[in-house]
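Open the structure in your viewer and keep the selection box at hand. Each stop below gives something to select and says what is there.

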Amino acid sequence: MSGPVSMAGDAGIIKDVELSKDGVLYGQVYTPAGQAVPDAVVQLRYQGTAVAAARCNEKGQFAINGVRGGAHEVVVGPLRNPVRLWSAGSAPKVATQGIVVAVDEAIVRGQDMYCEPGYETGPPTSGFGMLDVITLATVGAAVGALVVSIDNKNTLEDNEDTLKRLEAGLLGPASP
């Protein structure tokens with residue numbers, strides 16, 4: 001990696017990173033002591049879904065090919081780093097040309113499931129049919145509105161029938 005490098009690991013701080021001209025995200029994974037972490041799996045996620053992954057070489061370096069710009073997460077083990085990726089030439093001046101992720105080596109190497117390229121935790125759910133709480137609330141509100149509108153339509157039709165009968169004199173005179 002040449003040029004400035006963005007440090008990841010500060011939770012919630014979004015890093016601006018410029019991709020190479022070929023759409024490659026370059027980076028390095030190291031321990032807080034500055035030692036490279038070989039064989040760590042780095043995932044790139046878009047909206048919670050893994051879109052690409054790479055394994056670090058012996059120097060802790062990785063390259064993820066075929067990346068598009070936009071808001072993503074760089075995930076190494078349990079560490080999630082929000083990044084805003086920019087295609088070459090479109091990045092703001094504060095953007096860097098790579099990302100460095102500082103992780104606890106014991107976590108990365110000790111948690112085998114995190115070091116497998118296909119490992120995904122998946123998006124958060126409420127546990128009800130894989131729907132989140134907002135989706136459930138929206139569906140509930142829509143069903144409630146549908147029930148109310150059907151009831152209102154039935155009441156309107158009943159009132160129209162009563163009005164027609166009154167006009168036709170079928171109901172007889174109103175009570176005195």
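The tour goes from the whole chain to a sheet, then to a core, and ends with charged pairs.

**Stop 1: the whole chain**

Start with everything shown as a cartoon, and keep in mind that this is a predicted model. The chain has 176 residues, and buried residues make up 26% of them. Its secondary structure comes to two helices and nine strands. Following the sequence, you meet the pattern β-β-β-β-β-β-β-β-β-α-α. If you switch on a surface, the chain exposes about 11100 Å², with carbon and sulfur atoms supplying 56% of that area. Among the contacts with a separation of 6 or more, 64% are between residues 24 or more positions apart.

**Stop 2: a five-stranded sheet**

Select strands E2 (residues 15-18), E4 (41-46), E7 (70-76) and E8 (79-86), and E5 (49-55). In what order do the five strands of this open sheet lie? The order is E2-E8-E7-E4-E5, and the pairing is mixed. From one strand to the next, the twist averages 35 degrees. E2 and E5 are the edges: each has a single partner strand, so one side of each is left without a neighbour in the sheet. Strands of a sheet pair through backbone hydrogen bonds, either parallel or antiparallel.

**Stop 3: E4 and E5**

Now keep E4 and E5 on screen. They pair in the antiparallel sense over six bridges. Select Tyr 46 and Thr 49, which are bridge partners, with Thr 49 in E5. Then select Val 41, which stands opposite Arg 55 in E5.

The two strands form a hairpin with two residues between them. Click on Gln 47 in the turn, where phi is positive, at about 50 degrees. Is Gln 47 buried or exposed? Gln 47 has a relative accessibility of 67% and counts as exposed. Add His 72 to the selection: its C-alpha atom is 7.0 Å from that of Gln 47, although the two are 25 residues apart along the chain.

**Stop 4: E7 and its two partners**

Select E7 together with E4. These strands run antiparallel and are joined by four bridges. Gln 43 stands opposite Val 75 in E7.

Next, swap E4 for E8. E7 and E8 also run antiparallel, and seven bridges join them. Val 75 appears again here, with Arg 80 in E8 as its bridge partner. The hairpin of E7 and E8 has two residues between the strands, and Gly 77 takes a positive phi near 60 degrees.

**Stop 5: the largest nonpolar core**

In soluble globular proteins, nonpolar side chains tend to be buried together. The largest nonpolar core here has 20 residues, and Leu 25 and Val 29 touch the most other members. Strands that give two or more residues to this core include E3 (25-30), E6 (61-64) and E9 (99-102), along with E4, E7 and E8 from the earlier stops.

Select Val 29 and show its surroundings. Leaving aside residues up to four places away in sequence, Val 29 touches eleven-odd neighbours to click through, among them Val 42, Phe 62, Val 76 and Val 101.

**Stop 6: salt bridges**

Side chains of opposite charge can pair when their charged atoms come close. How many salt bridges does a search of the whole structure find? The search finds three.

- Select Asp 16 and Arg 84. They form a salt bridge, and their closest N and O atoms are 2.6 Å apart. Asp 16 lies in E2 and Arg 84 in E8, so the pair ties together parts that are 68 residues apart in sequence. Asp 16 counts as buried at 13% relative accessibility, whereas Arg 84 is partly exposed at 33%.
- Select Glu 73 and Arg 80. Their side chains meet in a salt bridge with an N to O distance of 3.6 Å. Glu 73 is partly exposed, with a relative accessible area of 23%, and Arg 80 is partly exposed too, at 36%.
- Select Lys 153 and Glu 157. The N to O distance in this salt bridge is 2.9 Å. The two residues are four apart in helix H2 (residues 133-168), separated by about one helical turn. Glu 157 is partly exposed, at 34% relative accessibility.

Key
Residues numbered from 1 in each chain as written. Predicted model: local features only at pLDDT ≥ 70, side-chain atom pairs only at ≥ 80, totals over all residues. Heavy atoms only, no water. Core = buried A, V, L, I, M, F, W, Y, C linked by side-chain atoms within 4.5 Å. Buried < 20%, exposed > 50% of the residue type's maximum accessible area, 1.4 Å probe, protein only. Contact = heavy atoms within 4.5 Å. Salt bridge = Lys/Arg side-chain N within 4 Å of Asp/Glu carboxyl O. Areas by Shrake-Rupley, 256 points an atom, 1.4 Å probe, with all protein chains shown as cover. Pairing = 2+ DSSP bridges. Axes fitted to C-alpha atoms, helices over the stretch in contact; angles between N-to-C directions.
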